[in-house]
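Here are some brief notes to read beside the structure. They start with one helix pair and then turn to the nonpolar cores and the chain as a whole.

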Amino acid sequence: MSDAENLVEVGPASEFEDGDAEIVQVGRAEVGVIRAEGEFYAIRNQCPHDGGPVCKGNVQKELVGEFKGTGKRVDQQYSDTDIISCPWHGWSFELETGIHIGDDRIRVPTYDVVVDDGIVYVDSGD
Amino acid sequence: MIDAEAETVVDCDWHYQDSFKEVAEYMPEPWHTKYKNSFWEDSGVTQALSSFFPTSTGDRQNYGKVLREHSNYPEEPEDPERVTEGMDFLDIDVSLQISHLILAMGGVTADDERVQAFTKGYIEYMLEEVLDPDEGVYGLAPMPYGDVEASLDILERVEDEEAYVGACFVTAGASPPLGNRKYDPIYERCEEMDFPVVYHTGGSGLDEYVRAGYQEMIETHTLGFLESNMSQIVSVACQGVPEKYPDLDIVFMESGVTYIPGLVSRLDEEYLKRPEEAPLLDTRPSEYITDFYFGTQPLEVSARNDLLELCFDMIGTDRLLYASDYPHWDFDSPSIINELPMLDDDERRAILGGNALEVFEI
Ligand code: FES
């Protein structure tokens, strides 16, 4: 369980629509709290590529391809994974884990979000 | 430094200077008769080449400066004995023969059967008269990849022939590029047969291939091979051939090594921005590409040592295969590898022969 003093208040959950992002300061880091399909996520607002504001980017489903057999076209579908794309050059990360969708060695820090009594908090992890 | 003469040296890119006169004897009809009736035996190999396949321009002998024996296209049909003579000259134990004439096939855009007829005849001719595993003379079977069925027929034909150890895609001009799903059945079959796929660039129509209007061979010869390899590497990697056929050994020939770090770095940079456009890849394209094998010729020995060292490091010395490109004018002898200061002796042995013996299961 998160310790109450680690929690940084973001605001009432009811004020978030899907796709909304709210930026808060967590320690020295800017963190974006994002709502996607009713779930809250928090991810550092600093792109490992060139420092871009990741949290200002689009949230969408990840497009994946599957090899369906010799000579067949690669089958492309949107998966269930939500990704957020840095608006500067398009580096994209799994919303839940912060892992870059093309190279899992690249990662944006993510944070736990707690909703308590209708209020959204980020757990600073301190 | 090792004594290269005492080591097993495998040359992965030797050009048998085949002649139409000889190969036509083995071609299927009606091509057999067409060629026999065309008086090509009177006009020498050079003339026949330009009559049959589109050609490149430029004097490969550097306008009289390259005077080595056998360096020019022979006036007479190639004599199989010259292969063993040349191997002695370079101290090579095993050579993989690649058709010289087929190098121009990339310029054939007509949907006739010229390439298929040639490759079928070539396979039989080489088996009958030239290839000889006891003497270390092996062949790569040229794929008329524009016709997938014909390519599969050729694979079927050579499957049980010890003398053929891989398939050769002459890549210049291949369109669509060779990552396209159209070619999947060839890759699938090669993987099943344990037959490495060797991509070999060609000088076909070089002057017009990269861009029309170049004036000298120094321009087109620098760029043509390079552009061809780069475009096929990007296609093969991005379309996921190594993911679809993970046991397929992929070999790229004849552009030296210094282009690879630049290409893969650039491609990785694109990939991190748009990985969903290469959806079969699990990680950066460079990780797949540095799993490919690369022929070393023409090695850029004039490059800065630290650059060459970096290239060897990125590609991996277990991925490099010595190739001479003999008897072409810009051939490399084994000493080019043996004298590289940044290699240790085991690495020299691996590049000169060990890697190729494994890949081609010789
Ligand atoms: S700064 Fe984020 S993609 Fe470039």
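1. In this predicted model, start with helix α9 (residues 217-238) of chain B and helix α11 (residues 259-273) of chain B. Their axes come within 11 Å and cross at roughly 40°. An angle over 35 but under 65 degrees is neither roughly parallel nor roughly perpendicular, so α9(B) is oblique to α11(B). The crossing of α9(B) and α11(B) is right-handed.

2. Which residues make the contact? From α9(B) come B:L226, B:N229, B:M230, B:I233, B:V234 and B:C238. From α11(B) come B:Y259, B:L263 and B:L267. Eight of the residues in this contact are nonpolar and one is polar; none is charged.

3. Next, the cores. The largest nonpolar core holds 122 residues. B:Y164, B:Y187, B:F294, B:F312 and B:F360 have the most contacts inside it. Helix α5 (residues 114-130) of chain B gives the most to this core: nine residues.

4. B:F294 deserves a look. Neighbours within four places in sequence aside, B:F294 contacts B:I233, B:F252, B:Y259, B:I260, B:I289, B:I315, B:R319, B:L320 and B:L321. Two of these names recur from the helix pair: B:I233 of α9(B) and B:Y259 of α11(B).

5. Another core lies apart from the largest one. This other core has 13 residues, including A:V26, A:A42, A:Y111 and A:V120.

6. Finally, chain B overall. Chain B has 15 helices and eight strands. Of its 362 residues, 57% count as buried. Take the contacts in chain B between residues at least 6 apart in sequence: 80% of them join residues at least 24 apart.

Definitions and conventions:
Residues are numbered from 1 along each chain as its sequence is written. Chains are lettered from A and ligands numbered from 1 in the order in which they are written. This is a predicted model: local features need pLDDT of at least 70, side-chain atom pairs count only at pLDDT 80 or more; totals for chains, interfaces and linings use all residues. Side-chain values use heavy atoms; hydrogens and water are left out. Axes are lines fitted to C-alpha atoms, for helices over the stretch in contact, and angles run from 0 to 180 degrees between N-to-C directions. Helices (H or I, at least four residues) and strands (E, at least two) are DSSP runs, numbered from the N terminus. Angles under 35 degrees count as roughly parallel, over 145 as roughly antiparallel, 65 to 115 as roughly perpendicular and the rest as oblique. A crossing is left-handed if the near helix is turned anticlockwise from the far one by less than a right angle, and right-handed if clockwise. Contact means heavy atoms within 4.5 Å. Ala, Val, Leu, Ile, Met, Phe, Trp, Tyr, Cys and Pro count as nonpolar, Asp, Glu, Lys and Arg as charged, and the others, Gly among them, as polar. A nonpolar core is a set of buried Ala, Val, Leu, Ile, Met, Phe, Trp, Tyr and Cys residues joined through side-chain atoms within 4.5 Å. Buried means under 20% relative accessible area, exposed over 50%, partly exposed in between (1.4 Å probe, protein chains only).
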